[in-house]
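Colleague: I should like to go through this protein with you, one question at a time. Please show the sequence and the structure before we begin.

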Amino acid sequence: MEHAREDSPPDLVAALARARSPERPGPGTPAGGAVRAWPGPPVVFPEAGPGHLDVQVLLRLSLAASDGPGRLRPAPSAGALHPVDTELTVGTGCSLPPGRYGYDPLRHRVHRLGPQPDGTPPGVTAGLSVTARRTVSHYGHRARPLLLLDAGHAAAALYLAARALGVSEPDVRLDGLAESPLAAVHIPPPDRRGPARPAAGARFQEPSAPTPAELLARRSAPPPLPGAPPQDALRAVLTTAARAGTGALRWCAAVGPPRPGLVEPATDGATLRRYAAGEARPTLAAWAAGQAWIADAGAVVLAVGCPADAGAPHIRRAHLRAGFAVHLAHVTARRHGLAARPVGSWQQADLGAALGAAPGRDWVVHALALGTRPADEENTT
C-alpha cells in the first residue's frame, strides 16, 4: 500500500481530499476552447494499405466528437466537457506517415507536430493529457479526480477501438507515474504484436472483440435506471470491471430488494457473494453529489479503494484504472441488454467506514449505475 511518502506533489493529494469533502463548488468559470489548438495545417488521413493500422477509423471509433446523428464522443466525460487531449506518435505500419501528430476530435483531423522519436515502434501510441480548465469550469475543486477518470475512459475507448480493428493486445499504460501524459495506449498494426512493456503496460483481454457498430452505438443511459439486473448479467459486469481493474481497486455492487446489500464476485468466478446487508443506494445517492435517482437504480457497481494517505502516483493510478474498467464494464452491460451510466463525482463516500472498518481506507472512486430496459429501446444521450 502506497503512502504519502511517495515522491508526489502535494497539490493532488490535497485536491483529492478537498474534492471528497462536502464543500460545494463555487460559480462556474470560462471553459476556454473545446479542444486543444494544435499548430500547423491539418493533414488529410490517407487510406490504409494492406496490413496497416487505419488511424482514421481507430480515432473515429474512439475519440471523434460526432457521427451522423450528431452525438458527442463515444468516451464518457463528466459534464460532457471532454478535457482529454490526444497526441499521437506514429511508427511504421500505419495509414499516417511516421511522425508526431495532435488530434482534433471536433473536426476529426490531425496536425503534424514533427518527426517521430528514435526507436518508435510500429503502430501508433496515443498519449493522453488533459486541459483541466474545461472540467474546472463546471466542477471547480471537484475536478481533479474527474479529469483522471475521463483519461481512463479515453484509454479504454482507444483499447476497444483497437480490438474492433483486429489488434489482439493493445498495450495500455495507466501506472500513474507521470502527470503528462497521464496515460498512453500503444496499438500495433493488426498483423503484428507491439513490444511488451512489462514495467509500465497492463494487458487485459476482453472475452470477445467488439464490433465497430457496437462501439458507435454505445452511450450513457439517461436516468432514471430502474430494474434489477439479472444475476448473470450483474456478475458479468462485475467480473469485467475486476479483471480490467487488475487489482488496483475492490469491486462490488449495491443491490436492492428482495435482499438489499453489497455483493461481489465469489472466488469461484461463477457466482456472486453477499458480504454486507442493508440498503446502500440512498446513501450512495447522497454521496454522489446528491443525485437522487441513484437511490432507485437497479444496481450500482462500485470501484472502492484509494486511501486518504495515498500519494499522487497511487491517486492517478487508481482513478485512471477505475475509468478504464468502468468503460469496459459499460460495454459488457450493454451486451447483456442493460442500461448503464457512469457516476464519477463522490463526496464523503468512505464506504469502508460506513461498514464499520477503519476510516479513510476504502473510498468510492467511481461507479456504474445499472438498470433494465426493453431489448429494442435505444438510449438517446
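Colleague: Which residues of helix α6 are buried?

Modeller: Please keep in mind that this is a predicted model. A residue counts as buried when its relative accessible area is under 20%. In α6, the residues that are buried are A233, L234, A236, V237, L238, T239, T240, A241, A244 and G245.

Colleague: How far apart are the end C-alpha atoms of α6, and why does that agree with the expected span?

Modeller: Helix α6 covers residues 231–245, which is 15 residues. The expected span is 1.5 Å times one less than the number of residues. For α6 this gives 21 Å, and the distance between its end C-alpha atoms agrees, being 21 Å.

Colleague: Which residue follows α6, and what is the sign of its phi?

Modeller: Helix α6 is followed by T246. The phi of T246 is near 45°, and its sign is therefore positive.

Colleague: Is α6 roughly parallel or roughly antiparallel to α8?

Modeller: Helix α8 comprises residues 312–335, and its axis comes within 8 Å of that of α6. The two axes cross at roughly 150°. Angles over 145 degrees count as roughly antiparallel. The orientation of α6 to α8 is therefore roughly antiparallel.

Colleague: Which residues of α8 make the contact with α6?

Modeller: The crossing of these two helices is right-handed. From α6, the contact involves A236, V237, T240, A241, A244 and G245. Their partners in α8 are R321, F324, A325, L328, A329, T332 and A333.

Colleague: How are α2 and α4 oriented to each other?

Modeller: Helix α2 (residues 55–62) packs against α4 at an angle of about 130°, and the axes are 8 Å apart. In this pair, L58, L59, L61 and S62 of α2 meet A157, L158, A161, A162 and A164 of α4. An angle between 115 and 145 degrees falls in neither the roughly perpendicular nor the roughly antiparallel class. The orientation of α2 and α4 is therefore oblique.

Colleague: Which helix gives the most residues to the largest nonpolar core?

Modeller: The largest nonpolar core has 81 residues, and L234 and F324 are among those with the most contacts inside it. One helix, at residues 143–164, gives 15 residues to this core. The helix that gives the most is α4.

Colleague: Is T86 buried or exposed?

Modeller: Residue T86 lies in strand β2, residues 84–90. Among the residues that T86 touches are W38, L63, Y101 and L128. The relative accessibility of T86 is 3%, and the limit for this class is under 20%. T86 therefore counts as buried.

Technical notes:
Residues numbered from 1 in each chain as written. Predicted model: local features only at pLDDT ≥ 70, side-chain atom pairs only at ≥ 80, totals over all residues. Heavy atoms only, no water. Core = buried A, V, L, I, M, F, W, Y, C linked by side-chain atoms within 4.5 Å. Buried < 20%, exposed > 50% of the residue type's maximum accessible area, 1.4 Å probe, protein only. Helix = DSSP H or I, 4+ residues; strand = E, 2+ residues; numbered from the N terminus. Axes fitted to C-alpha atoms, helices over the stretch in contact; angles between N-to-C directions. Parallel < 35°, antiparallel > 145°, perpendicular 65-115°, else oblique. Left-handed = near helix turned anticlockwise from the far one by under 90°. Contact = heavy atoms within 4.5 Å. Lists of a residue's contacts leave out its neighbours within four places in sequence.
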